[in-house]
Amino acid sequence: MPPSPGQDQRHMAHALALGRRGMGRCWPNPAVGCVIVANDRIVGRGWTRPGGRPHAETVALAQAGAAARGATAYVTLEPCAHHGATPPCAQALITAGVARVVAAVQDSDPRVSGRGFAQLRDAGIAVTTGVLAEEAAQDHAGFFLRTQQGRPFVTLKLASSFDGRIATASGDSQWITGQEARHMVHGMRARHDAVMVGAGTARIDDPALTVRGFGAVAQPVRVVVSRLIDLPLMSQLARSARDVPVWICHGPDAPPELRKAWSGLGATLIPCALSGRQVDAASVLSGLGQAGLTRVFCEGGGTLAATLLAADLVDALIGFTAGVAIGAEGTPGIGAMGIGRLSKAPRFALAETRAVGQDILHRWNRAPG
């Protein structure tokens, strides 16, 4: 008796949950999950491991062993069909003797797109696609953007007062939101490949941009956008650049002595084009995409946030709003964007809102159309 649609959805939801464990750890590869089921019993499961290998299917098949023969494999992304750092997962599934493969979405990588499914069908394996496709597309959005547009998925996070300020006129900003919200932000950092800030935030706040409060976890790349690399050489980022990666996206006019100084500290320098007097946002994201990043968590400041929004390069917004009012003299969360008509302002669709401690979390996704 074939599995019911309900069974397929249940096992795919399990695979998606497993795949999310790899987020922020397996770039440039996608964070895939795989569950192998025989007679409605899970015999193997896996997710993409740090650095992108082994792949989820390989891990799940190794766990299943002989039980994989005649089983159904649930995979959140089309199994790869090309030889890269690891053998093709489609061939591994064929060799293992699975009878059916259920995949959520097709791979956007031109080396794979459709070929994995064709290889499985040619081997006589039944293939079902589109199960929880919307959820999988959201999970793999960064990988899809990188393979299709050459840039990572960008989430812009703002923690602000009720009136949209991120600091007082004197620059005091610690802390607008409460401990619960700050802890959640660290968890969000852990599920992204990189955390990104502008030069002003790096200078004023001297942030570490690391994940704290979650034990020993893989740290995201710390990205700073700084045209002239005019950043403190005794900052937390500078002192820890050899321990946790620091990438600096700079303009062509960055002084050679500062390039040499930061390279000597262990930072990676990414040259970018200019747009007027600022580093071009599209050039920044293109450079990060070429370096392999798929998911970037932008934490400001206002100038960088405005630049990304104005260039239509923000894919999701995460806001934490506190019940405190700072006033018009405070620092706005987003800088000037030059918008004269409301119809020209970027809009996002509300995805979630809930209380986090004494603050309000609201998530917004890029509006369709």
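**Exercise 1. The largest cavity**

The lining of the largest cavity has 6 nonpolar, 6 polar and 3 charged residues. Work out how much space this cavity holds and which residues lie closest to its centre.

*Solution.* The model is predicted, so every value here is computed from it.
- Step 1: take the volume. The largest cavity has about 90 Å³.
- Step 2: find the centre. The lining has 15 residues, and N29, P30, A31, T294 and R295 are the closest to the centre.
- Step 3: set the cavity in context. The count is 2 cavities of 30 Å³ or more.

**Exercise 2. The second largest cavity**

State which residues line the second largest cavity, and how they divide by class.

*Solution.*
- Step 1: the volume is about 30 Å³.
- Step 2: the lining consists of L16, G19, R20, M23, A31, T76, D139 and H140.
- Step 3: sort them. The classes are 3 nonpolar, 3 polar and 2 charged.

**Exercise 3. The second largest pocket**

Describe the second largest pocket: its volume, its centre and the elements that supply its lining.

*Solution.*
- Step 1: the space in this pocket is about 870 Å³.
- Step 2: its lining has 29 residues, of which Q138, D139, R191, R295 and R363 are the closest to the centre.
- Step 3: look for the elements. Two helices, α5 (133–139) and α7 (179–190), each supply at least two lining residues. The strands β6 (153–160), β15 (316–321), β17 (348–356) and β18 (359–366) each do so as well.
- Step 4: sort by class. There are 14 nonpolar, 5 polar and 10 charged residues in this lining.

**Exercise 4. Cysteines**

How many disulfides does the structure hold, and why are C34 and C249 not in one?

*Solution.*
- Step 1: the count is 0 disulfides.
- Step 2: recall the cut-off. The two sulfur atoms of a disulfide must be within 2.5 Å.
- Step 3: test C34. The closest cysteine sulfur is in C89, at 8.4 Å, so it is too far for a bond.
- Step 4: test C249. Here the closest cysteine sulfur belongs to C272, at 4.4 Å, again too far for a bond.
- Step 5: check the surroundings. C34 is buried, at a relative accessible area of 0%. C249 is buried too, also with 0%.

**Exercise 5. The nonpolar cores**

Name the residues with the most contacts inside the largest nonpolar core, and the strand that gives the core its largest share.

*Solution.*
- Step 1: the core has 39 residues, and M12, I36, L93, V98, V101 and L120 have the most contacts inside it.
- Step 2: strand β1 (residues 33–38) brings the largest share, with 5 residues.
- Step 3: look beyond it. Another core lies apart, with 26 residues, including I270, V279, C298 and L313.
- Step 4: zoom in on V101. Leaving out residues up to four places away in sequence, V101 touches A73, P79, L93, L120, I125, A126, V127 and T128.
- Step 5: link this to a general trend. In soluble globular proteins, nonpolar side chains tend to be buried together.

**Exercise 6. Helix α6**

Which residues of helix α6 are buried, and what covers them?

*Solution.*
- Step 1: α6 spans residues 141–149, and A141, G142, F143, F144 and L145 in it are buried.
- Step 2: the cover includes α5, β6 and β14 (295–298).
- Step 3: follow the chain onward. Just after α6 comes G150, with a positive phi of about 80 degrees.

**Exercise 7. Unusual backbone angles**

Locate two cis peptide bonds, then two residues other than glycine with positive phi.

*Solution.*
- Step 1: Q174 and W175 are joined by a cis peptide bond, with omega about 0 degrees. W175 sits in the loop between β7 (165–167) and α7.
- Step 2: G300 to G301 is also cis, with omega near 5 degrees. G301 is in the loop between β14 and α12 (302–310).
- Step 3: D206 has a positive phi, near 45 degrees. L209 has one near 60 degrees.
- Step 4: place both. D206 is in the loop between α8 and β9 (221–225), and L209 is in the loop between α8 and β9.
- Step 5: is each residue buried or partly exposed? D206 is partly exposed, with a relative accessible area of 28%. L209 is buried, at 3%.

Notes:
Residues numbered from 1 in each chain as written. Predicted model: local features only at pLDDT ≥ 70, side-chain atom pairs only at ≥ 80, totals over all residues. Heavy atoms only, no water. 1 Å grid on protein atoms, 1.4 Å probe; cavity = no way out; pocket = protein on both sides within 12 Å on 5 of 7 lines; lining within 4 Å. Points joined across faces, edges and corners; volume = space filled by probe spheres on them. Helix = DSSP H or I, 4+ residues; strand = E, 2+ residues; numbered from the N terminus. Nonpolar A, V, L, I, M, F, W, Y, C, P; charged D, E, K, R; others polar. Buried < 20%, exposed > 50% of the residue type's maximum accessible area, 1.4 Å probe, protein only. Core = buried A, V, L, I, M, F, W, Y, C linked by side-chain atoms within 4.5 Å. Contact = heavy atoms within 4.5 Å.
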